[in-house]
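Visitor: I should like to learn how to read an interface and its cysteines. May we go through them in turn?

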Amino acid sequence: MIFSLIIYASQTASQSEQSALRFTRNALQQGHTFHRIFFYGDTVTSMSNLKITSRDEIDITDQWLELAKETDLDLVVCIAAAVKRGILDQQESKRHQKSAANLKEGFCLSGLGQLADAIIHSDRVITFGN
Amino acid sequence: MVTQKKLLLIFRNPPFSSSANRDNLDIALACSAFDIPVSLLFLNDAVLQLHKNQQSHLLEQKDLTKTLNALEMYDIDQCYVIDEHLARYQLSKDDLILNCHSLAREKLASFIHDFDVVINL
């Protein structure tokens, strides 16, 4: 089955994103595929490369990237949600004349059209929200 | 050839309480631009989002009713409320900014079941 996920809750305030990661790992192990993982709402703040995770905690963002390396996941961060919260790639930083970019490498900023595309091309769309 | 899927967006929050209201509406607009048929369901306190004469400027917040009023231009005209939820706030359909269909509460499960994709932020 082809899945897409919407991840909506804040990574620091909720377990949702971790649940999404574990769901993705297990579904992949069972032979399912993922069209897209779409990060929306407060969850996008965790894609800042300025984030520091304390040593005794696990950085879920890094775990997504590790999983994506092995399995070619499409990790898309909603551009409107991101720029509103100060998460910028090089292009957005330049466009808005900001002094730096901070989107973690491995994620890409794109619009809600990518979510519409995921809805069209997936058998199931699952939201991990509040 | 891609089969056309029906999308239902469920609103659950009162106005001005959560960015989910705005985020859900943005999904509606984007998906409609991709020719996905979109329906909106306002549950519980979310019916207050549809109340006429909101004065968002008093809260220094963005007025979402302008976006809601523009939905028809995006061919989104399938909006649903539950009668009991309106009654809880002594509202009738005339008090709402959108022309909504009303659903009986016991039909809710089968109504939701008819959609291919349901998003409930």
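Visitor: What area is buried between chain A and chain B, and what percentage of that area do carbon and sulfur atoms give?

Guide: Please keep in mind that this is a predicted model. Buried area is the accessible area that two parts lose on being put together, summed over both. Here chain A and chain B bury about 1,400 Å² between them, and carbon and sulfur atoms give 69% of this area. Of the area that chain A buries against chain B, Tyr8(A), Ile119(A) and Ile120(A) supply 37%, more than any other three residues.

Visitor: How many residues does the contact take from chain A and from chain B?

Guide: Chain A contributes 17 residues and chain B contributes 15 residues.

Visitor: How many salt bridges and how many residue pairs in polar contact does the rule find across this interface?

Guide: The rule finds 0 salt bridges between chain A and chain B, but 6 residue pairs in polar contact, with both residues at pLDDT 80 or more. On the side of chain A that touches chain B, helix H5 (113–121) and strand S5 (124–128) of chain A are the elements that give two or more residues. The largest share, 6 residues, comes from H5(A). By class, that side has 9 nonpolar, 5 polar and 3 charged residues.

Visitor: Why does Cys100(B) form no bond with the closest cysteine sulfur?

Guide: A disulfide requires two cysteine sulfur atoms within 2.5 Å. The sulfur of Cys100(B) lies 5.2 Å from that of Cys79(B), the closest, and is therefore too far for a bond. Cys100(B) is buried, at 4% relative accessible area. For Cys31(B), the closest cysteine sulfur is in Cys78(A), at 12 Å, also too far for a bond. Over all chains, the search finds 0 disulfides.

Notes
Residues numbered from 1 in each chain as written. Chains lettered and ligands numbered in written order. Predicted model: local features only at pLDDT ≥ 70, side-chain atom pairs only at ≥ 80, totals over all residues. Heavy atoms only, no water. Contact = heavy atoms within 4.5 Å. Buried area = accessible area lost by both parts, 1.4 Å probe. Salt bridge = Lys/Arg side-chain N within 4 Å of Asp/Glu carboxyl O. Polar contact = N/O pair within 3.5 Å; in protein donor to acceptor, adjacent residues only side chain to side chain. Helix = DSSP H or I, 4+ residues; strand = E, 2+ residues; numbered from the N terminus. Nonpolar A, V, L, I, M, F, W, Y, C, P; charged D, E, K, R; others polar. Buried < 20%, exposed > 50% of the residue type's maximum accessible area, 1.4 Å probe, protein only.
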